[in-house]
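Colleague: Could you take me through one part of this model in detail? I would like a close look at the protein surface around the DNA.

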Protein chains: 2
Amino acid sequence: MIDKQSPIPIYHQLEEYIKQLIESGILKPDEAIPSEREYSEQYQISRMTVRQALNNLVNDGYLYRQKGRGTFVNKQKVEQKLQGLTSFTEDMKERGLVPSSRLISFEIIPAEPQLARKLDIKENTPVYEIKRVRMADNLPMALETTCLPANLVKGLTEEIINKSLYQHIEEKLSLTISEATQQIEASIAKETEVNHLQVESGSPVLLIVRTSFLEDGTPFELVKSAYRADRYKFVHTMQRATK
Amino acid sequence: MIDKQSPIPIYHQLEEYIKQLIESGILKPDEAIPSEREYSEQYQISRMTVRQALNNLVNDGYLYRQKGRGTFVNKQKVEQKLQGLTSFTEDMKERGLVPSSRLISFEIIPAEPQLARKLDIKENTPVYEIKRVRMADNLPMALETTCLPANLVKGLTEEIINKSLYQHIEEKLSLTISEATQQIEASIAKETEVNHLQVESGSPVLLIVRTSFLEDGTPFELVKSAYRADRYKFVHTMQRATK
DNA sequence: CAGTGGTCTAGACCACGAA
DNA sequence: TCGTGGTCTAGACCACTGT
């Protein structure tokens, strides 16, 4: 189980081992795991090394500790992997749906004042504007407009955006996507949305405006989406601030 | 600076000290802080203790490390405190609005199957059910139903919920609120919502269902809210997962 | 009381970065 | 080569929990 000769740190081996036991269900929620001293003896490693492994698992939410009692398995967060900043493609796959798109338009336009401000570029700087109907299992899910500064996200083609824009940005352009802020509101479908989403007029839609940032804080993407309210629910987790 | 006789752990004292230097701007972004061995010698404490302090600051995003180079100050996250899990009261205050409430009902009821499942309690366990119209600057903002297990969040009174439920839970009951998952969708106002929110029939509303958890993963709160779409937008930030 | 996690020590060797 | 962070050891004492 633990190989002291391995180049992989011992604490990391122990971490992966315990993680496996939890994810496979061998260790059940609220069940106590062996004490730090037991691990230490069993594998002939220092207690501090055991603690380093357990600390990481506590930070990752796999375990929790209780003074004087022991260390216990946390409830599995089912949605654990749903988390984080994902593209539409990634999002749908996680939901077990097959994503696809119908391209409405794909052009380079000069940035309007409002758009320029949000992307932190000068007015009339060229930006890609991509309008698409996003589908899941071949049913219309959302109407989406994506804007990207052309000098930052270079050489976009229809083929690239049909595969995976995020993958292109991260792997081909070697940029690191860091975070995004989203504004989410409810509205009634406008006429273009009624047409493209194939809903009745008066139907509710979930509007999501996302601004995405690279590691250094540069905004690289503004996405406006209108999701069919009857098919889409936005799910996320948030932490309580430590005061 | 460091008091070895204090009941406060040394690593925590060092942590607070460094945090202060960063927040006050004495240590600037990308500036190197003293090495672990320097701290260790200067304050006559073990290097492992220094590492414990620095580890926590790295996890909290105050510092970053580079092998063979040193430990450096991270850029300040401006929105750091805007983020995270907040109560309606806290949310409105952050938006510069004055929060208030009109109580519709406040009772103890037996948990229905669906509610029991979400709160991870047995069917018919008593729960507090609180229905309120939430106001901002004296205008109706949301219709909200909160359910809390009565044996967990004990001794609730109308006065407490009018002040601050989260403060009561954290300070009086000494429970640690950890995180929440939310489901957000768009809908059309139902009749009760039309009446309480004073909107026209057919108006869109933003539905938010929140389940909140304590540190050990116990759910302690289920909140269903219907926000007026013309007055409320949900804003949040999310991180790209590190693959 | 014994066992647990929380804190702390005083060393050690390693891989890496910079000069 | 020297200083850095990364990993690891073999102990220690404490406060807390359950019996």
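Modeller: Happy to; here is a walk through the two DNA strands and the helix pair beside one of them. Please keep in mind that this is a predicted model.

Let's begin with DNA strand D. It is surrounded by 27 residues, of which A:Ile10, A:Tyr11, A:Ser46, A:Thr49 and B:Arg47 come nearest. Both chains contribute to this surface: α1 and α3 of chain A, along with α2 (36–42), α3 (47–59), β1 (63–66) and β2 (70–73) of chain B, each supply at least two residues. The most comes from α3(A), with 4 residues. By class, the surface near strand D has 12 charged, 9 polar and 6 nonpolar residues.

What does the protein touch on this strand? Of the strand D atoms within 4 Å of the protein, 64% belong to sugar or phosphate, and the rest to bases. Individual polar contacts show both kinds. On the base side, an N or O atom in the side chain of A:Arg47 is 3.3 Å from a base nitrogen, and a polar backbone atom of B:Gly68 is 3.0 Å from a base nitrogen. On the phosphate side, a polar backbone atom of B:Glu36 lies 3.0 Å from a phosphate oxygen.

Now for the helix pair in chain A. Helix α1 (residues 10–23) packs against helix α3 (residues 47–59) at an angle of about 50°, with the axes 8 Å apart. The two helices are therefore oblique to each other, and α1(A) passes α3(A) in a right-handed crossing. From α1(A), the residues in contact are A:Ile10, A:Tyr11, A:Leu14, A:Glu15, A:Ile18 and A:Lys19; they meet A:Thr49, A:Val50, A:Gln52, A:Ala53, A:Leu54, A:Asn56 and A:Leu57 of α3(A). This contact has 8 nonpolar, 3 polar and 2 charged residues. A:Ile10, A:Tyr11 and A:Thr49 take part in the helix contact and are also among the residues nearest strand D.

Turning to DNA strand C, 27 residues surround it, and the closest are A:Arg47, B:Ile10, B:Tyr11, B:Ser46 and B:Thr49. Sugar and phosphate make up 62% of the strand C atoms that come within 4 Å of the protein. Three side chains make polar contacts with phosphate oxygens here: A:Thr71 at 2.9 Å, A:Arg65 at 3.0 Å and B:Arg69 at 3.5 Å. The elements giving two or more residues to this surface are α2, α3, β1 and β2 of chain A together with α1 and α3 of chain B. Here α3(B) gives the most, with 4 residues. By class, the surface near strand C has 6 nonpolar, 9 polar and 12 charged residues.

Methods. Residues numbered from 1 in each chain as written. Chains lettered and ligands numbered in written order. Predicted model: local features only at pLDDT ≥ 70, side-chain atom pairs only at ≥ 80, totals over all residues. Heavy atoms only, no water. Axes fitted to C-alpha atoms, helices over the stretch in contact; angles between N-to-C directions. Parallel < 35°, antiparallel > 145°, perpendicular 65-115°, else oblique. Left-handed = near helix turned anticlockwise from the far one by under 90°. Contact = heavy atoms within 4.5 Å. Nonpolar A, V, L, I, M, F, W, Y, C, P; charged D, E, K, R; others polar. Near = heavy atom within 4 Å. Polar contact = N/O pair within 3.5 Å; in protein donor to acceptor, adjacent residues only side chain to side chain.
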